[in-house]
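These are my notebook entries from a first look through one structure. I wrote them for a reader who is new to it.

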Amino acid sequence: MDQTLQLLTIVVVVIGTFFSVVGILGYLRFPDAYTRLHATGKVGVFGVVLLLVAAAFWTPLGWAKALLLIILLMMAGPVSAHAIASAAYRVGIPMAEGSRDDLAPLVEHPQTVSPLKQEP
């Protein structure tokens, strides 16, 4: 039983580490802030959740605390990534060339909004 738990922990750590490494590579390789947010969002959700599962398997953390942290991460990660991307779009951070802007017909000139200017 103990060896099975060790093997399962190692497999989950390797998979979680794989997601983390792929997310970091995506952060370094992707061309703009929006695609980089997509890559780092995967690290925040899949990589950390799998490492938490491994910690729950191997340490006396307890599954209740691990599940609570996993649920909070799965709720907060995508929402925060979306909020950051939305703020970047509203501020006018440009997309990489060749990207499709589905919000362009709905939003008037997002590049005209400056983060330093306050509207009266």
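I began with Leu67, and I found this residue in helix α3, which covers residues 63–91. I am working from a predicted model, and I keep that in mind for each entry that follows. The relative accessible area of Leu67 is 44%, and because that value lies between the 20% below which a residue is buried and the 50% above which it is exposed, I entered Leu67 as partly exposed. I then looked up the surface around this residue, and noted that Leu67 contributes to a nonpolar patch of about 600 Å², made together with Trp63, Leu68, Ile71, Leu72 and Met75.

Next I turned to the rings. How many aromatic pairs does a search of the whole structure find? The search finds three. For Phe57 and Trp63 I noted ring centres 5.3 Å apart and planes at 75 degrees, and since an angle over 60 degrees counts as edge-to-face, I put this pair down as edge-to-face. I also checked how open the two partners are: Phe57 has a relative accessible area of 21%, so I list Phe57 as partly exposed, and Trp63, at 37%, also counts as partly exposed. Trp63 therefore appears twice in my notes, as a partner of Phe57 in the ring pair and as a member of the nonpolar patch.

Elsewhere I found Phe18, Phe19 and Phe46 linked into a cluster by ring pairs. I made a separate entry for Tyr27, since the charged end of Arg36 sits over the ring of this tyrosine, at 5.7 Å from the ring centre.

I then stepped back to the chain as a whole. The chain holds three helices and zero strands, and reading from the N terminus I wrote the order of elements as α-α-α. Of the 120 residues in the chain, 20% are buried.

For confidence, I wrote down a mean pLDDT of 84 for the chain, with 89% of the residues reaching 70 or more. Which helix has the lowest confidence, and which the highest? The lowest mean, 88, belongs to helix α2 (residues 33–58), while the highest, 91, belongs to helix α1 (residues 2–29).

My last entries concern residues that lie apart in sequence, with the distance in space taken from C-alpha to C-alpha.

Three of these entries start in helix α2. Leu37 is found in this helix, and with a relative accessible area of 17%, which is under the 20% limit, I recorded Leu37 as buried. Leu37 and Pro78 are 41 residues apart in sequence, and I noted 9.8 Å between them in space. Lys42 also has its place in helix α2, and is partly exposed, with a relative accessible area of 33%. From Lys42 to Gly26 I counted 16 residues in sequence and 9.7 Å in space. Leu51 lies in helix α2 as well, and at 35% relative accessibility I count Leu51 as partly exposed. The C-alpha atoms of Leu51 and Ser20 are separated by 9.8 Å, although the two residues are 31 positions apart along the chain.

The remaining entry is for His82, which lies in helix α3. Is His82 buried or exposed? The relative accessible area is 58%, and because this is over 50%, I recorded His82 as exposed. The C-alpha atoms of His82 and Tyr34 are 9.4 Å apart, with their positions 48 residues apart along the chain.

Methods. Residues are numbered from 1 along each chain as its sequence is written. This is a predicted model: local features need pLDDT of at least 70, side-chain atom pairs count only at pLDDT 80 or more; totals for chains, interfaces and linings use all residues. Side-chain values use heavy atoms; hydrogens and water are left out. Patches are made of residues with over 30% relative accessible area and no salt bridge: like charges are joined within 9 Å, nonpolar side chains (Val, Leu, Ile, Met, Phe, Trp, Tyr) within 5 Å. Accessible areas come from the Shrake-Rupley method with a 1.4 Å probe; for residues, only the protein chains shown count as cover. A salt bridge is a side-chain nitrogen of Lys or Arg within 4 Å of a carboxyl oxygen of Asp or Glu. Helices (H or I, at least four residues) and strands (E, at least two) are DSSP runs, numbered from the N terminus. Buried means under 20% relative accessible area, exposed over 50%, partly exposed in between (1.4 Å probe, protein chains only). Rings of Phe, Tyr and Trp (its six-membered ring) pair if their centres lie within 6.5 Å; planes under 30 degrees apart count as stacked, over 60 as edge-to-face and the rest as tilted. A charge sits over a ring if NZ of Lys or CZ of Arg is within 6 Å of the ring centre and within 35 degrees of the ring normal. pLDDT is the predictor's confidence in each residue, from 0 to 100.
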